Amino acid sequence: MKREQLKFLLVNLLALAVLQPGAVAFANFDAPYGFLKDLSAWLEAYVGTIPLVLIYAFWNREKLGKKVIGGYLIFAALLVSFSYYISKLVVADINPNFSFKDFLILCPVSMVLALMLFIPSLIHIHRLYYPYDLPLIIAELLVSFAALLLYIKLRKS
């Protein structure tokens, strides 16, 4: 992989890692709603970053290449579809009229809230996760570890 492609991957991994604690914090703000609510909040926050990542990708399109950008667009479309499906499952009882338009409005708001709650959620990390969030904790550790390894690789090159 080229250096610019590694940087692009690092940007995505850092977005995932940084957004999770804040997203879980606001998902569980007033009560624990379960694993799917926490997962949907994290995915919504990440989907909110996709336009920014795409701007970065198009800005560096010559260095990244068409294959990387095309692959990311396919990944983004699949992720948006999956995230919408999960969000619709979570919100179905509360708002049966939840639409894709509502989802698209919710994603940037979720991203901003997750970023705002990042530092407070790290301070209170011991109270942030519930036992059903173990898969999210494992995912956070794996994403953070992958980002650290990628950063080290980029520093060496």
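This passage describes two helices, a set of aromatic ring pairs and one buried polar residue in a predicted model.

Helix α4 covers residues 66–91, and its length can be checked against its residue count. At 1.5 Å a residue, the 26 residues of α4 should span 38 Å, and the end C-alpha atoms are 37 Å apart, which agrees. The buried residues of this helix are Ile69, Tyr72, Ala76, Leu79, Val80, Ser83, Tyr84, Ile86, Ser87 and Val91. These buried residues of α4 pack against α1 (3–27), α2 (35–59), α3 (61–64) and α5.

Helix α7, made up of residues 134–156, can be treated in the same manner: its 23 residues should span 33 Å at 1.5 Å a residue, and its end C-alpha atoms are 33 Å apart, which agrees. Within α7, Leu136, Glu140, Val143, Ala147, Leu150 and Leu154 are buried, and the elements that cover them include α1 and α2. In reading such lists it helps to recall that an α-helix has 3.6 residues a turn, so residues three or four places apart point the same way.

Aromatic side chains form a further group of contacts, with eight aromatic pairs in the structure. In one of them, the ring centres of Tyr84 and Phe100 lie 5.2 Å apart and the planes meet at 85°; because an angle over 60 degrees counts as edge-to-face, the pair is placed in that class. This pair links distant parts of the chain, since Tyr84 belongs to helix α4 and Phe100 to helix α5 (residues 100–116), with their positions 16 residues apart in the numbering. Tyr84, at 19% relative accessibility, counts as buried because the cut-off is under 20%, whereas Phe100, at 37%, counts as partly exposed. Another aromatic pair, formed by Tyr130 and Tyr132, is stacked, with 5.6 Å from centre to centre and 10° between the planes. Tyr130 counts as partly exposed at 29% relative accessibility, and Tyr132 likewise counts as partly exposed, at 28%. Ring pairs also link Phe8, Tyr56, Tyr72 and Phe75 into a cluster, and Tyr72 is among the buried residues of α4.

Tyr72 appears again in the surroundings of Asn12, a residue of helix α1 that is in contact with Tyr46, Val53 and Tyr72 when its neighbours within four places in sequence are left aside. Asn12 has a relative accessible area of 7% and is therefore buried. The side chain of Asn12 is joined to that of Tyr46 by a polar contact of 2.5 Å.

Terms used. Residues are numbered from 1 along each chain as its sequence is written. This is a predicted model: local features need pLDDT of at least 70, side-chain atom pairs count only at pLDDT 80 or more; totals for chains, interfaces and linings use all residues. Side-chain values use heavy atoms; hydrogens and water are left out. Rings of Phe, Tyr and Trp (its six-membered ring) pair if their centres lie within 6.5 Å; planes under 30 degrees apart count as stacked, over 60 as edge-to-face and the rest as tilted. Helices (H or I, at least four residues) and strands (E, at least two) are DSSP runs, numbered from the N terminus. Buried means under 20% relative accessible area, exposed over 50%, partly exposed in between (1.4 Å probe, protein chains only). The expected span of a helix is 1.5 Å times one less than its number of residues. Contact means heavy atoms within 4.5 Å. A polar contact is a pair of N or O atoms within 3.5 Å; within protein, one must be able to donate a hydrogen and the other to accept it, and residues adjacent in sequence count only if both atoms are side-chain atoms.
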